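Colleague: Can you walk me through this model? I am new to reading structures, so plain words please.

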Amino acid sequence: MIDLEPAWLGLILLGVFTFYAAKRGLRSTTGIHPYPPGPPMRPLIGNIMEVGSRYAWLKLTGYKEQYGDLVYFQGLGKSVLVVNSLKAILDLLEKRANNYSDRPVLIFGNDLIGMNRTFLFADYGEEWRAQRKLAHAALGPSAVKDYISMQENVSIELSRELIKAPQDFYSLIRLAAGRTVITVTYGVRSASAEQEFIILAEEINRVCQKAAIPGAYLCDFVPWLKYAPSWVPFQRVATYGRRLLDDVLDKPFKYVQKEMDTGKAVPSLVQHLLSDPPEAVADFEEKVKRAAATIFACPQIYSVVLAFILAMAQYPEAQRSAQAEIDRVVGTDRPPRMEDMPDLPYVNAVIKEAMRWRPTLPLGVPHRSTEDDVYGGFFIPKSTVILANVWAVAFQPDEKYEPQAFLPERFLDPAHPTIDPAIWAFGFGRRICPGRYLAENSLFMFISTLLWAFDISPPASGEIKVASKEYILRYDTALAPICLMLIPTNT
Ligand code: HEM
């Protein structure tokens with residue numbers, strides 16, 4: 001058996017240190033500015049463990065009333081700042097982006113799986129900058145115009161598949177969202193390769209989501225545990241994750257290389273960059289591989305589409321209003337096109353509301369500070385992990401529009417404005433989601449086409465089983481029992 005005693009000794013020492021730091025009154029090293037407030041500290045572990053709890057964003061939003069916009073956690077050598085208001089999030093992550101654009105140190109995720117090979121998890125430095133620049137070539141506001149007809153076709157194709165197998169809406173929507181991203185990145189033509197790569201992307205997402213929570217594995221607190229032998233359970237997960245990520249990096253990339261060798265490659269980010277490489281980029285091929293894999297493994301689009309479907313089944317009036325608008329503007333002879341977007345304000349409000357009602361990433365993707373800082377009179381030490389609690393922004397109390405209800409009207413009321421989710425859903429500052437233009441177009445095409453083609457209603461039993469208890473809808477959310485009826489209308 002592995003001897004864990006020194007690990008636990010390390011933990012205990014860290015814990016004792018944390019406890020006494022707390023007892024000293026949470027003073028910063030400057031002695032002038034206190035740390036931000038936070039829940040009571042316990043001996044040994046401080047209060048850090050609360051951050052990783054299930055549905056943490058609900059608990060953390062609850063703390064807003066008690067502690068305010070900044071809630072601070074520390075223990076076991078780590079510090080985490082939860083930021084509960086949009087103003088404070090923007091002040092830190094946007095206005096002070098120089099200091100708040102790094103990602104957390106992840107022993108398990110980065111040292112063992114190598115997640116920081118992708119620019120989503122890479123440190124804020126040269127490698128990140130180079131990969132992000134390559135991705136921008138495919139995802140910038142003017143580049144995404146080239147994908148509009150593909151996005152229209154994928155949406156129509158999804159509706160056709162749903163007519164044949166409405167009960168499979170859950171997997172068909174995931175596949176369609178994945179198809180959009182994979183087409184942009186690799187231009188995959190074969191259905192079987194496409195399916196294989198999308199499943200790979202979903203699986204790496206599942207592994208990375210857990211590994212991205214600082215402290216999800218003990219070695220994040222006790223770094224030298226990363227040298228534990230391979231039979232220790234977390235090492236087995238790490239080996240699996242590393243192999244999976246190798247596949248995500250290599251397999252679709254090799255597919256494009258092969259297609260290019262045989263002259264069959266269709267236009268895509270990888271094809272474009274490999275056939276016309278920019279000058280003087282060191283390790284160019286590896287960077288293209290990594291940038292492409294980062295894009296390809298970010299499939300949040302379907303989570304919003306699933307939230308929309310769930311909402312339509314529960315809020316028939318909103319569905320009827322959106323369909324009436326589509327009937328009026330688009331008619332029944334053709335499906336909606338991207339050019340209809342500006343003429344469909346209610347449909348656009350439905351999309352915003354789906355993003356608000358079930359935020360895909362309720363705590364964003366963590367950032368990390370690189371220097372000591374002072375904000376609002378509080379001390380934020382170097383290397384603090386910052387969690388932007390966008391859940392608290394989405395569900396802030398509103399005396400006119402009940403935050404828990406699905407009410408697109410809230411975005412159409414100039415006398416009582418609601419914050420547009422586009423401001424917070426895609427992250428902040430230098431790390432803001434580079435896929436947002438592509439995602440917004442896809443969301444419009446998927447959702448307007450579904451509204452045009454189907455009536456979405458609860459199952460015959462009238463009971464929707466998913467769970468409004470499930471706060472976010474992702475591929476790993478247990479949605480299987482959900483059995484909504486998608487009844488074709490305009491076909
Ligand atoms: C509704 C859909 C989407 C949502 C809500 C979303 C949200 C986010 C968020 C919150 C972040 C973290 C930003 C931060 O650190 O502050 C992010 C990063 C990222 N997203 Fe998205 N995203 C979506 C779709 C996409 C798509 C379709 C792609 C690719 C085509 C993509 C690619 C990326 C990449 C590469 C990053 C990492 C950026 C970096 O660290 O520099 N996202 N996204």
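Colleague: What order do the four strands of the open sheet come in, and how are they paired?

Modeller: First, a caution: this is a predicted model, where local features need pLDDT of at least 70, side-chain atom pairs count only at pLDDT 80 or more, and totals for chains, interfaces and linings use all residues. Residues are numbered from 1 along each chain as its sequence is written. The four strands form an open sheet in the order β1-β2-β6-β3, with mixed pairing. Strands are DSSP runs of E with at least two residues, helices are runs of H or I with at least four, and both are numbered from the N terminus. Two strands pair if DSSP finds at least two bridges between them.

Colleague: Which strands stand at the edges?

Modeller: β1 (70-75) and β3 (367-368) do; each has a single partner strand, so one side of each is left without a neighbour in the sheet.

Colleague: How many bridges join β1 to β2?

Modeller: Six, and β1 and β2 (residues 78-83) run antiparallel. Valine 71 has valine 82 in β2 as its bridge partner, and glycine 75 has lysine 78. Two residues lie between the strands of this hairpin, where leucine 76 takes a positive phi near 50°.

Colleague: And in which sense do β2 and β6 pair?

Modeller: Parallel, over four bridges. One of the bridge pairs is valine 83 with alanine 388 in β6. Strands of a sheet pair through backbone hydrogen bonds, either parallel or antiparallel.

Colleague: Is β2 mostly covered or mostly open?

Modeller: β2 is mostly covered, since six of its six residues are buried. Buried means 20 or more other C-beta atoms within 10 Å of a residue's own, exposed means 12 or fewer, and partly exposed is in between, with C-beta atoms placed from the backbone. Lys78, Val80 and Val82 point one way from β2, while Ser79, Leu81 and Val83 point the other way. In a regular strand the side chains alternate between the two faces of the sheet.

Colleague: Which helix lies across the strands?

Modeller: α3 (residues 86-95) lies across β1, β2, β3 and β6 (385-388), and runs at about 140° to β6. The axes are lines fitted to C-alpha atoms, for helices over the stretch in contact, and angles run from 0 to 180 degrees between N-to-C directions. Contact means that two C-beta atoms, placed from the backbone, lie within 7 Å.

Colleague: Changing topic: which residues come nearest the ligand?

Modeller: Cys298, Gly427, Arg431, Cys433 and Gly435, out of 28 residues around the ligand. A residue counts as near if its C-beta atom, placed from the backbone, lies within 6 Å. The elements giving two or more residues to this shell are α5 (126-139), α11 (284-296), α12 (301-314) and α16 (436-453). α5 gives the most, with three residues.

Colleague: What about the largest nonpolar core, which residues touch the most other members?

Modeller: Ile173, Ala292, Val305, Phe308, Val350 and Ile447, in a core of 143 residues. Such a core is a set of buried Ala, Val, Leu, Ile, Met, Phe, Trp, Tyr and Cys residues joined through C-beta atoms within 7 Å. Its largest share, twelve residues, comes from α12. Leaving aside neighbours within four places in sequence, valine 305 is in contact with Ile173, Ala177, Phe446 and Ile447.

Colleague: Last one: where is aspartate 283 found?

Modeller: In the loop between α10 (269-275) and α11. Aspartate 283 has a positive phi of about 55° although it is not a glycine. Aspartate 283 is exposed, with 11 other C-beta atoms within 10 Å.
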